[in-house]
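Trainee: Charged side chains that pair up still confuse me. Please take a close look at the salt bridges here, and walk me through a few of them slowly.

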Amino acid sequence: MSEIRNLKPEGLWRNFDELTKIPRPSGHTEKVRQYLIDFGKRIGIEAFVDSANNVIFRKPATPGYENRKTVVMQSHIDMVPQKAPSSNHNFETDPIQTRIIDGWVYGTDTTLGADNGLGVAAIMAVMESNDLKHGPLEAVLTNDEETGMFGANDLPTDILHGDILMNLDSETWGKFVIGSAGGIDIDTSLEYKEVENNQETAVKVTLKGLKGGHSGLEINEGRANANKEMVRLVRKAIAELGARLASWNGGNMRNAIPFKAEVVLALPKANVKALEEMVAKQRELVADEFKLIEKGVEFFCEPAEAPTALVPVEIQDNLINAITACHDGVIRFIPAYPNVVETSSNLAIIEITPASANIKVLARSSREDMKEVVVNRVVAAFDMAGMKSVLSGSYGGWDPNPNSEILNMMKRIYKEQNGEEAIVQVDHAGLECSIILGKYPGMDVVSFGPTIRSPHTSTERAEIASTEPFWKLLVKALEEVPVK
């Protein structure tokens, strides 16, 4: 039996343990959806899947609480599939192997899925309990949040009846989130005719061991982007060593800072040693530039099978220029909240072959006008390379309401339970609240959750000590929800 089942609160951790056994990477949530429907039927509540593949729960009020406002609890069912280079984990078939280290729950060389599995587990614990006091409850467990908030975007407008939305997807205990950034996906591509490889040999260059991380919550921490660091090396190798680009694979999730990139370069055999020396020097440079942040930088060469074709010279040069020019990282902070990022972009995924290039960027901003600014910057860089950009998955920011009734009630309860004031903040990470509010504008909204660190990385971890006070706050808040 997993040791996390012995943790408190028992219902939350038992349900989370069950979720870790069910593969649920974004894009492959059919098994967890079925599990949740079976769970709902087993405990005797209404449970169904809507047209957007979200799971909906409904539970009637405790006797005597029928006149309370209806609360909608919300979390997402998918998880980010990231693993350490040494891991053979298959996210579509294998369970997450949990372990406890120094008061934190980790996966084993993989993401844990606490983002947002702990929120889902808390909702399950509420739904199955016969001891809690609460008004009418609904839950919406959204599908494929991590890859584009598809479940929230396609949520029907006539399915929820709640007055209050409690989003359980925030990741620092003691903080209530009352606003978040909007975002938009930028996909840019180009097809071209490959050219024959006339070089003598080929080398694969790998950059790995970077921290990576959440492209919203951790974009301001100065972490290295593997794609941006790799382009510095590739640009120099082309200019000084006559190298030619055959392929590029960097990053694997749009909302994760890339921690690894690989390129295959063809070049004269006489220049291989110089390339090795150039890569070693670049490794030292990156390690020095990020010495207070990145501790495990690996940058190395190894022989590669000679490719039959290469990217045409003019296309290659244009692509390298565009990748160099593409903005990555923070553009500016919110003037009213100077510690919170307002606008950023993440050069997330690069896939280049001898015949095509596909690049994916996620832009975020809490202002629609600044979201347009960052989109224009990114698109302009790739336009100059002759690439076609397609925008999709746009969602607006969530405007904060510091006078929210549910926020002020929860701040009071938090202080009563913990003896200190809660922190109220706006997050740069995209939350589904803004999308749901767009469909149900009358809801009063707050987001909170236990502490999770390094989501979207293989060192994702959940703080055990924060889960019990999180649970106590949720339970007390449901009990004290005001009357209609």
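Mentor: Let's begin with a yardstick: a residue is buried under 20% relative accessible area, exposed over 50%, and partly exposed in between (1.4 Å probe, protein chains only). Keep in mind that this is a predicted model, where local features need pLDDT of at least 70, side-chain atom pairs count only at pLDDT 80 or more, and totals for chains, interfaces and linings use all residues. Numbering runs from 1 along each chain as its sequence is written, and side-chain values use heavy atoms, with hydrogens and water left out.

Now, your pairs. Side chains of opposite charge can pair when their charged atoms come close. A salt bridge here is a side-chain nitrogen of Lys or Arg within 4 Å of a carboxyl oxygen of Asp or Glu. Go by that rule and you end up with 29 salt bridges.

Take Arg-14 and Glu-128 to start. Their closest N and O atoms sit 2.7 Å apart in a salt bridge. Arg-14 belongs to helix H1 (residues 10-20) and Glu-128 to helix H3 (residues 114-128), so this pair ties together parts that are 114 residues apart in sequence. (A helix is a DSSP run of H or I, at least four residues, numbered from the N terminus.) How open are the two ends? Arg-14 has a relative accessible area of 23%, so we call Arg-14 partly exposed. Glu-128 comes out at 21%, so Glu-128 is partly exposed too.

Next, find Glu-262. Its salt-bridge partner is Lys-260, and the closest N and O atoms of that pair are 3.5 Å apart. Lys-260 is partly exposed, with a relative accessible area of 29%.

Then hop along to Glu-421 and Lys-415. The side chains of these two meet in a salt bridge as well, at 2.8 Å from N to O. Glu-421 has 48% relative accessible area, which makes Glu-421 partly exposed. Lys-415, at 41%, counts as partly exposed.

So far we've gone pair by pair, but salt bridges can also share partners: that is how Arg-5, Asp-17, Glu-18 and Lys-21 get joined into one network. Try picking out those four residues on your screen. After that, go back to Arg-14 and Glu-128, and trace how their salt bridge links helix H1 with helix H3.
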